[in-house]
Structures are given as C-alpha cells and as structure tokens.
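Q: Please teach me how to read the features of the structure shown below, one at a time.

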Amino acid sequence: IPTNFRLLKNNVVSITHPLLDNEDVFQVYPLNIKKTHINKNPKIIFMSSVNIDINNEEEQIWHKYKKNILEDFTIIDQISFWQKCLPGKEIMIIHSYYKIFKILLRFEIIKHLKEKYKKKFIIVGSDWNKYFIESLPSNYNIKENNELYRGNICLDTGSLEGSSSLYSRSNQIIESGGLIIQCAQIDFKNQWNGLSDKILFTNLKNLDFAIERMLNNDEFSNNTLNDIYNNFLSANKLIENNFDKFIEKTNY
C-alpha cells in the first residue's frame, strides 16, 4: 500500500505480513482445481524471477545470519529475529531487508536443489539463466504454465510480499493439478489442516525428505494430490464469506 494511503481505514491486502500491521486480509483460495495424478516420471518445477544484487551492508548482515536462517527458514517471519538483526530500525527499512532475505533464501534453496537433482529440476525464469544456464525463459502463457505444473512436483518458496500459504502462485499450482511443496508460511495451520507434514518444509533437510518421498512413492503423491483437492472443496463459500465480511465492514 503506498505510503500516502497507508493510514486509510478501508485498506485491504491479499497477503498476510508478519511485520506490517495489516489487519484486513482478503484471503484468496484456489478454485476449479484440476483433479490429476502424479506423472509417471515427475519433474520438480519452479517458476520465478530473481535478483540477488545487494550492497555491502546487506551482504554483511545476510552472511551474519545466513546459517541461522538455513537451519530454520521460518525465523525471517519472526519479529524477534528482526529486532535482533536490525535493532532500532524503522519498520519499512526492516521490510526492505525482509524481501531481500527472502530472495537470498530462495536462491539458496534453488542452488541446493539444482545441484542435487540436475536435469530433473526445471527452473523457469529468464533471470535464472545468469546462474543456471539450463533454466528456461520466462513464460507468461498461463495455459502452458498450467500444463507444466500439472502432475509434477511444484516448488513454492512463498511470496516476497509477506507470508501467506495461499496467494497467486500457490493457487495456480493447486488449480492446475500440480503437487505443491511449500516453504511453511505463518498461516499454514489455518490453510493446510492435515497436509502440513506432507507438503511443507522449513529447512533443506526436510525439503529433501519431502521431495524424495514424492518422487519415489506414487501412491503417497496421488493421495496427497487428492487430499489437496478435497481440502479446497468449499473454497467458493470461503470467498463468499470474505466478500460478505468486507462489504459489511465498509458499508458498500
């Protein structure tokens, strides 16, 4: 939300942020989910942009806390971490570092998986070619992206704008029939119910475990896809409830 509008009482955001005071969140949900099966030889799919060019101060702070972050990805969503990392800094400065650290964490995850899975791991995004020459160019054709997601293991490292399990990219993966594997977000208990142990990760070790289980156990993967489908059967009603709540609050 632009600074000059930030104090307005009728602001609504679509992603929860652990550091900013965004009380009104219009939660989006996946709709019209394709019911699919895991592919015979599934690939690991990741789509995004990347830019890890940072200044010296940002690099120093990142390297100071990098080990702690790689041990538990979720600490960057904790206010206590930032109070220790950037004591006394204004919230918008912290917010800028929050986005930078998320990008750098994303890069570490992708680097790890590319080294381990090589050609089985498909990266889509023109920016990534600077680091991994086998990455595919950015593709803005939604239909083609959905086809690539469908029946494959689809990595989601979370939005740079906050910490919500369900947002544009994760919803697209789910709607296309992709088997999502996601870095745990702060609202995971509300959104994933009994799926958390199957599809969420908080460090490289349990990311590897989750991927290996999906790659080597078709029955597990297909059951998980079915569980995801069933988890959002009432998504239409949930969205209607959201509309009702905000219409009532704003008196439109």
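Q: Which residues of S4 point one way, and which point the other way?

A: In a regular strand, side chains alternate between the two faces of the sheet. In S4, Leu179, Ile181 and Cys183 point to one side, while Ile180 and Gln182 point to the other, and all are buried. Buried means under 20% relative accessible area, exposed means over 50%, and partly exposed lies in between (1.4 Å probe, protein chains only). Strands (E, at least two residues) and helices (H or I, at least four residues) are DSSP runs, numbered from the N terminus. Since five of the five residues of S4 are buried, S4 is largely enclosed by the rest of the structure.

Q: What should I know about the origin of the model before I read further?

A: This is a predicted model, in which local features need pLDDT of at least 70 and side-chain atom pairs count only at pLDDT 80 or more, whereas totals for chains, interfaces and linings use all residues. Residues are numbered from 1 along each chain as its sequence is written, and side-chain values use heavy atoms, with hydrogens and water left out.

Q: In what order do the strands of the sheet lie?

A: Two strands pair if DSSP finds at least two bridges between them. Here, five strands form an open sheet in the order S2-S1-S3-S4-S5, with parallel pairing. Strand S2 (121–124) and strand S5 (200–201) are the edge strands, each pairing on one side only.

Q: How many bridges join S1 to S2, and how many join S3 to S4?

A: S1 (residues 44–47) and S2 run parallel and are joined by four bridges. Within this pair, methionine 47 has valine 124 as its bridge partner, and isoleucine 45 has isoleucine 122. S3 and S4 are also parallel, with four bridges between them; there, leucine 155 is partnered by isoleucine 181. S1 and S3 pair in the parallel sense over two bridges, and isoleucine 45 stands opposite cysteine 154 in S3.

Q: Which residues of S1 lie on each of its faces, and are they buried or exposed?

A: Ile44 and Phe46 are on one side of S1 and Ile45 and Met47 on the other; all are buried, and both faces are covered. Helix H5 (residues 168–176) lies across S1, strand S3 (153–156) and strand S4 (179–183), and runs at about 170° to S3. Such an angle is taken between N-to-C directions, on a scale from 0 to 180 degrees, using axes fitted to C-alpha atoms (for helices, over the stretch in contact).

Q: Which residues have the most contacts inside the largest nonpolar core?

A: In soluble globular proteins, nonpolar side chains tend to be buried together. A nonpolar core is a set of buried Ala, Val, Leu, Ile, Met, Phe, Trp, Tyr and Cys residues joined through side-chain atoms within 4.5 Å. The largest one here has 70 residues, and Trp82, Phe101 and Leu155 have the most contacts inside it. Helix H3 (residues 91–117) supplies the largest share of this core, 13 residues. Setting aside neighbours within four places in sequence, leucine 155 is in contact (heavy atoms within 4.5 Å) with residues including Ile45, Phe46, Ile109, Ile181 and Phe201.

Q: At what angle do the axes of helices H8 and H9 cross?

A: The axes of H8 (residues 204–216) and H9 (residues 218–231) come within 5 Å and cross at roughly 105°. These helices are therefore roughly perpendicular to each other; that label covers 65 to 115 degrees, while under 35 is roughly parallel, over 145 roughly antiparallel and the rest oblique. Arg213, Met214 and Asn216 of H8 meet Asp218, Phe220 and Ser221 of H9.

Q: Which residue in the loop between H3 and S2 has a positive phi?

A: Lysine 118 is found in that loop, and its phi is near 50°, a positive value in a residue other than glycine. At 52% relative accessibility, lysine 118 counts as exposed. Asparagine 193, likewise not a glycine, has a positive phi of about 50°; asparagine 193 is in the loop between helix H6 (188–192) and helix H7 (196–199).

Q: Is histidine 17, in the segment before S1, buried or exposed?

A: Histidine 17 is buried, with a relative accessible area of 6%. The C-alpha atoms of histidine 17 and aspartate 77 are 8.3 Å apart, although 60 residues separate the two in sequence. Serine 14, also in the segment before S1, is partly exposed at 38%. Not counting residues up to four places away in sequence, serine 14 touches Val25 and Phe26.
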